[in-house]
Amino acid sequence: MKISRQSKILEIIEQNDVETQEELAEHLKRAGFEVTQATVSRDIKELGLIKVGGSRGRQQYASMRDRANLYDERVKAVFRESVLTVDTAAFLVVIHTLPAMGQAAAIAIDGLEWPEIVGTIAGDDTIFVAVRNEKDVLHVADRFRKLMKQPQ
């Protein structure tokens with residue numbers, strides 16, 4: 001019963017903008033599952049559901065498997081709004097941002113988990129992105145430049 005209920009929860013949040021536990025419980029009841037708020041709360045925790053910004057500007061539940069898309073969207077937004085230049089030096093991609101945006105952009109880059117990237121070091125307006133192989137530096141820099149140019 002628990003497995004089918006949790007599978008149904010994932011289906012519900014994938015197909016609907018669910019903002020509250022009460023809303024989720026109502027969806028489950030309509031699908032034939034008798035649940036309490038405590039059961040829904042435990043299921044949310046066990047499934048690792050997170051709240052993300054929804055299409056209507058409100059918070060809604062999403063699964064951690066949607067996390068890659070979430071980070072991807074954050075990185076694109078950070079780049080469109082704050083990155084000024086992307087350059088390269090040996091094993092590094094050097095990114096210049098608007099003042100005070102370096103940390104935010106670096107956190108978003110780390111969240112992408114690109115295999116070519118070893119790590120980032122960020123200051124106020126400059127980020128050093130360490131790339132695993134020198135041959136990948138230009139490719140990584142080009143990917144960042146594309147992120148800068150994508151429409152909102």
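**Exercise 1. Contacts of Val129**

Task: In this predicted model, find which residues Val129 is in contact with, leaving aside its neighbours within four places in sequence.

Solution, step by step:

- Start with the contact list. Val129 touches Phe91, Leu92, Val93, Ile95, Ile109, Ile117, Gly119, Thr120 and Phe144, once neighbours within four places in sequence are set aside.
- Next, place Val129 in a wider group. The largest nonpolar core has 20 residues, and Val129 is among those with the most contacts inside it, together with Val93, Ile95, Ile109 and Phe144.
- Then ask where that core comes from. At least two of its residues are supplied by each of helix H4 (67-82), S3, S4, H5, S6 and H6.
- H6 gives the largest share, five residues.
- Finally, look for what lies outside. Another core, of 13 residues, lies apart from this one, and Leu28, Phe33, Ile44 and Tyr61 are among its members.

**Exercise 2. Building the sheet**

Task: Work out in which order the four strands of the open sheet are arranged, and which strands form its edges.

Solution, step by step:

- The order is S3-S4-S6-S5, with antiparallel pairing.
- Strand S3 (83-89) and strand S5 (117-122) are the edge strands, since each pairs on one side only.
- From one strand to the next, the twist averages 20°.
- Now take the pairs in turn. S3 and strand S4 (residues 92-97) are antiparallel and share six bridges.
- Within this pairing, Ala89 has Leu92 in S4 as its bridge partner, and Asp87 stands opposite Val94 in S4.
- The same two strands, S3 and S4, make a hairpin with two residues between them, and Ala90 in the turn has a positive phi of about 55°.
- Moving on, S4 and S6 pair over five bridges, again in the antiparallel sense. Here Ile95 has Ile127 in S6 as its bridge partner.

**Exercise 3. Helices on the sheet**

Task: Say which strands helix H5 (residues 102-112) lies across, and do likewise for H6.

Solution, step by step:

- H5 lies across S4, S5 and strand S6 (126-131), and runs at about 165° to S5.
- H6 lies across S3, S4, S5 and S6, with a direction at about 175° to S3.
- This links back to the core of Exercise 1, where H6 supplies five residues.

**Exercise 4. The surroundings of Arg132**

Task: Decide where Arg132 is placed in the chain and whether Arg132 is buried, partly exposed or exposed.

Solution, step by step:

- Arg132 sits in the loop between S6 and H6.
- Its relative accessible area is 48%, so Arg132 counts as partly exposed.
- Leaving aside neighbours within four places in sequence, Arg132 is in contact with Phe91, Pro115, Glu116, Ile117 and Val118.
- One of these, Pro115, has its backbone oxygen 3.3 Å from a polar atom of the Arg132 side chain.
- Compare sequence with space for one more residue: Leu92 is 40 residues from Arg132 in sequence, while the C-alpha to C-alpha distance is 9.1 Å.

**Exercise 5. Three salt bridges**

Task: The model has seven salt bridges. For Asp43 and Arg5, Glu19 and Arg58, and Asp142 and Arg145, give the N to O distance and say where the partners lie.

Solution, step by step:

- A reminder first: side chains of opposite charge can pair when their charged atoms come close. The cut-off to apply is 4 Å.
- Asp43 and Arg5 meet at 2.5 Å, N to O. Asp43 is in helix H3 (residues 37-47) and Arg5 in helix H1 (residues 2-15), so this pair ties together parts 38 residues apart in sequence. Asp43 is buried at 1% relative accessibility, and Arg5 is buried at 12%.
- Glu19 and Arg58 meet at 3.9 Å, N to O. Glu19 lies in the loop between H1 and helix H2 (21-30), and Arg58 in the loop between strand S1 (50-53) and strand S2 (59-62), so the parts tied together are 39 residues apart in sequence. Glu19 is buried, with a relative accessible area of 16%.
- Asp142 and Arg145 meet at 3.1 Å, N to O. Both belong to helix H6 (residues 137-149), three residues apart, which means that about one helical turn separates them. Asp142 is partly exposed at 39% relative accessibility, and Arg145 is partly exposed at 28%.

Notes
Residues are numbered from 1 along each chain as its sequence is written. This is a predicted model: local features need pLDDT of at least 70, side-chain atom pairs count only at pLDDT 80 or more; totals for chains, interfaces and linings use all residues. Side-chain values use heavy atoms; hydrogens and water are left out. A salt bridge is a side-chain nitrogen of Lys or Arg within 4 Å of a carboxyl oxygen of Asp or Glu. Buried means under 20% relative accessible area, exposed over 50%, partly exposed in between (1.4 Å probe, protein chains only). Two strands pair if DSSP finds at least two bridges between them. Axes are lines fitted to C-alpha atoms, for helices over the stretch in contact, and angles run from 0 to 180 degrees between N-to-C directions. Contact means heavy atoms within 4.5 Å. A polar contact is a pair of N or O atoms within 3.5 Å; within protein, one must be able to donate a hydrogen and the other to accept it, and residues adjacent in sequence count only if both atoms are side-chain atoms. A nonpolar core is a set of buried Ala, Val, Leu, Ile, Met, Phe, Trp, Tyr and Cys residues joined through side-chain atoms within 4.5 Å.
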